[in-house]
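Colleague: I am new to this structure and would like a close look at a single part, the place where the ligand sits. Could you take me through the surroundings of the ligand with some care?

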Amino acid sequence: MVLKLYATSTVSSGKGIVALVLAEKQIPFQLVLVDMGAKEHKTPEYLTKHPFGQVPVIDDDGFILYESRAICRYLAEKYADQGTALLPKSLKERALVEQAASVELANFFPAVMKILKESVGKARRGLPIDQALVDESLAELSAKLDVYEVILGKQKYLAGDDFTIADVFHYAVAPFLAEGGIDIMTSKERPNVARWWNELISRPAWVKLRAEGIKGTIN
Ligand SMILES: N[C@@H](CCC(=O)N[C@@H](CS)C(=O)NCC(=O)O)C(=O)O
């Protein structure tokens, strides 16, 4: 049975990274659109798939999995020999991927979310923005990116010289900084971070996804 992805067609957050892995690994899938406006993600039927009532979820021949990073790991592992290799094979290289993935979840993601909530998020809802809080959050992310600059000065990607799921996880929220006019990811102050990020957002699979939205390959 074809893999089903329960999501909306918007390339953002968790569904964005799952869609990117599906594209990079050329995995056929059916998109099951979840109408979040109609609260379809909170129905008793949907909650049997995702008890927290969120997207994305996958159904792989009856195997239900939620949490986007877990889904990405599962797909990268299951389709290891197909499309872009997103996970190295040796134990130590894997450990380095997990190290970079933990840094993303513990350090990078919360810092980006803080900025987005106070700037882009509030602007969208027409609420007053606390600029001091935005500046404080930007300083917090800058400190993390200073460390990324050192790491990326020694290697091409966050877990070594190959693109891995640890890099993929950064697409969940960071692209929205530039959309909100915040160019911190490509700042001249951190040439290695800028080189890495420009390369990531230019990957053909990502460019196509952003242009077309999430589309199943099988109806
Ligand atoms: N940690 C989850 C977050 C998923 C998430 O925040 N999904 C949003 C849409 S982008 C959602 O379903 N929000 C509805 C809700 O939380 O009620 C993941 O990475 O899969």
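Modeller: In this predicted model, the side chain of Lys42 brings an N or O atom to 2.7 Å from an oxygen atom of the ligand. Another oxygen contact involves Ser68, where a polar side-chain atom lies 2.6 Å from an oxygen atom of the ligand, whereas Val55 takes part through its backbone, with an N or O atom 2.9 Å from a nitrogen atom of the ligand. Taken alone, the ligand would expose 510 Å², and the protein buries 71% of that area.

If you now follow the shell around the ligand through the sequence, you will meet Ser13, Lys15, Met36, His41 and Lys42, then the run Gly53, Gln54, Val55 and Pro56, and finally Glu67, Ser68 and Arg69. Sorted by class, this shell holds three nonpolar, five polar and four charged residues. Two helices, H1 (13-24) and H3 (68-78), each supply at least two residues of the shell, and the space that the ligand takes up is the largest pocket.

One stretch of the shell deserves a slower look, namely the step from Val55 to Pro56, where the peptide bond is cis, with omega near 5 degrees. Most peptide bonds are trans. Pro56 itself is found in the loop between helix H2 (44-47) and strand E3 (57-60), and both Val55 and Pro56 are among the residues that surround the ligand.

Following the chain onward from strand E3, you come to Asp61, which lies in the loop between E3 and strand E4 (63-66) and has a positive phi of about 55 degrees although it is not a glycine. Asp61 counts as exposed because its relative accessible area, 53%, is over 50%. A similar note applies to Gln26, in the loop between H1 and strand E2 (29-33), which has a positive phi of about 50 degrees without being a glycine; with a relative accessible area of 59%, Gln26 is exposed.

On the other side of H1 in the sequence, the loop between strand E1 (3-7) and H1 holds Thr8, which is buried because its relative accessible area of 14% is under 20%. A polar atom of the Thr8 side chain lies 3.3 Å from the backbone nitrogen of Thr10.

As a last point of reference, take Glu67 of the shell and compare its place with that of Ser102, which belongs to helix H4 (residues 91-124): the two are 35 residues apart in sequence and 15 Å apart in space, C-alpha to C-alpha.

Definitions and conventions:
Residues numbered from 1 in each chain as written. Predicted model: local features only at pLDDT ≥ 70, side-chain atom pairs only at ≥ 80, totals over all residues. Heavy atoms only, no water. Near = heavy atom within 4 Å. Polar contact = N/O pair within 3.5 Å; in protein donor to acceptor, adjacent residues only side chain to side chain. Areas by Shrake-Rupley, 256 points an atom, 1.4 Å probe, with all protein chains shown as cover. 1 Å grid on protein atoms, 1.4 Å probe; cavity = no way out; pocket = protein on both sides within 12 Å on 5 of 7 lines; lining within 4 Å. Sits in = over half its atoms within 2 Å of the grid points. Helix = DSSP H or I, 4+ residues; strand = E, 2+ residues; numbered from the N terminus. Nonpolar A, V, L, I, M, F, W, Y, C, P; charged D, E, K, R; others polar. Buried < 20%, exposed > 50% of the residue type's maximum accessible area, 1.4 Å probe, protein only.
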